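Student: Can we go through this structure together, one piece at a time? I'd like to practise reading it.

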Amino acid sequence: RDNAKHTTARTYSVTDDLGNVLQFDKKPTKIYASTLSLEEVLVDLVSPDRIVAISEMATDDKLSLISQKALLVNKKIQGRIGVEGILSLNPDLVLMQDNMDATIINSLKDVGLKVFVSNVPVTVEMIGKRILKISQAVGEEEKGKKLVGEMWSKILKSQEKLSSLTDNDKKIIMAYSQQGVFGSAKGVFNDICNKALVKNGAAMAGLVRGEHLSKEKIIEYNPDIFIFPSYDTGKYGNLDLFIQEVLNDPALTN
């Protein structure tokens, strides 16, 4: 009996962030991730042929960190698709976030699809946990551990170089979307600032999650650096014009 061409099925289970247990008798080979942030994790864990489809957004180098890898996935999807669109892909694993419509998540589960639901990270530590859990779900735990190790290595290296900074030395930064300055103390951007040893001016000013900072508060906390987006969705008007309006605002001259 020649077993050389056969592989033994390896049964494993994974618990998602909502406490749902997913059982696998083999690694999934037709995976669909429903958001860009999930796609960015997925492409570093599995080969392109194991991803059943990827968003057009993921192939745009102005929007995505994975544009070149995303181009290697055969099927591209424009916009966000609903239950019927996902079903048409016939995936054996769907990755979704906990802030997505529960009706869609439950509908996919009701027809028997394996749906892994991930919390939206609000800290760098949560990003690491997300990577590890997804790596377990796709059967690539060692790759997940390697990715997280590389992430922390870069963070610790930068912190070591900046360790001599006093609190007064740390720059105050404020990050803009086209709707205004964002970055509450409860968001992932604020934690990234903390890890990068800079001060998030929006959090210093007490910005509430989901809101944007007033001009008066921007002036009061006097940031050293503004950060602007490098991509233009067109949703909120012309980005270049918006940036120039901010930079030419007499109130922000200094």
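Tutor: Sure, and one term comes up straight away: buried means under 20% relative accessible area, exposed means over 50%, and partly exposed is in between, using a 1.4 Å probe and protein chains only. Keep in mind that this is a predicted model, where local features need pLDDT of at least 70, side-chain atom pairs count only at pLDDT 80 or more, and totals for chains, interfaces and linings use all residues. Residues are numbered from 1 along each chain as its sequence is written, and side-chain values use heavy atoms, with hydrogens and water left out.

Student: Does Asn190 count as buried or exposed?

Tutor: Asn190 sits in helix H7; helices here are DSSP runs of H or I with at least four residues, strands are E runs of at least two, and both are numbered from the N terminus. Its relative accessibility is 10%. Because of that value, Asn190 counts as buried.

Student: Which backbone oxygen does the side chain of Asn190 reach?

Tutor: Start with contact, which means heavy atoms within 4.5 Å. Not counting residues up to four places away in sequence, Asn190 touches Ser184, Ala185, Asn200 and Ala203. A polar contact is a pair of N or O atoms within 3.5 Å; within protein, one must be able to donate a hydrogen and the other to accept it, and residues adjacent in sequence count only if both atoms are side-chain atoms. At 3.3 Å, the side chain of Asn190 reaches the backbone oxygen of Ala185.

Student: Why do the buried residues of H6 line one face of the helix?

Tutor: The buried ones are Gly144, Val148, Met151 and Ile155. The exposed residues Glu142, Lys146, Lys154, Lys157, Glu160 and Lys161 are on the face turned away from that buried side. The arc is taken from the directions from the helix axis to the C-beta atoms. Seen down the axis, the buried residues of H6 line one face because they fall within an arc of 60°.

Student: What do the buried residues of H6 pack against?

Tutor: H6 covers residues 141-161, and its inward-facing set is the four you just met, from Gly144 to Ile155. Those buried residues pack against H5 and helix H7 (188-195).

Student: Which helix gives the most to the largest nonpolar core?

Tutor: A nonpolar core is a set of buried Ala, Val, Leu, Ile, Met, Phe, Trp, Tyr and Cys residues joined through side-chain atoms within 4.5 Å. The largest one has 27 residues, and Leu42 is one of those with the most contacts inside it. Several elements supply at least two residues each, including strand E1 (12-15), helix H1 (36-42) and helix H5 (124-137). The one giving the most, with four residues, is H1.

Student: Which residue in E2 is the bridge partner of Tyr12?

Tutor: Two strands pair if DSSP finds at least two bridges between them, and E1 and E2 pair in the antiparallel sense over four bridges. Tyr12 is on the covered face of E1, while the covered face of E2 has Leu22 and Phe24. In E2, the partner of Tyr12 is Phe24.

Student: Which residue caps the N-terminal end of H10?

Tutor: H10 (residues 239-247) has Leu239, Phe242, Ile243 and Val246 buried. They cover an arc of only 95° around the axis, so they are on the same side of H10. At the N-terminal end, a side-chain oxygen lies 3.0 Å from the backbone nitrogen of Asp240, and the capping residue is Asn238.

Notes
Expected span 1.5 Å × (residues − 1).
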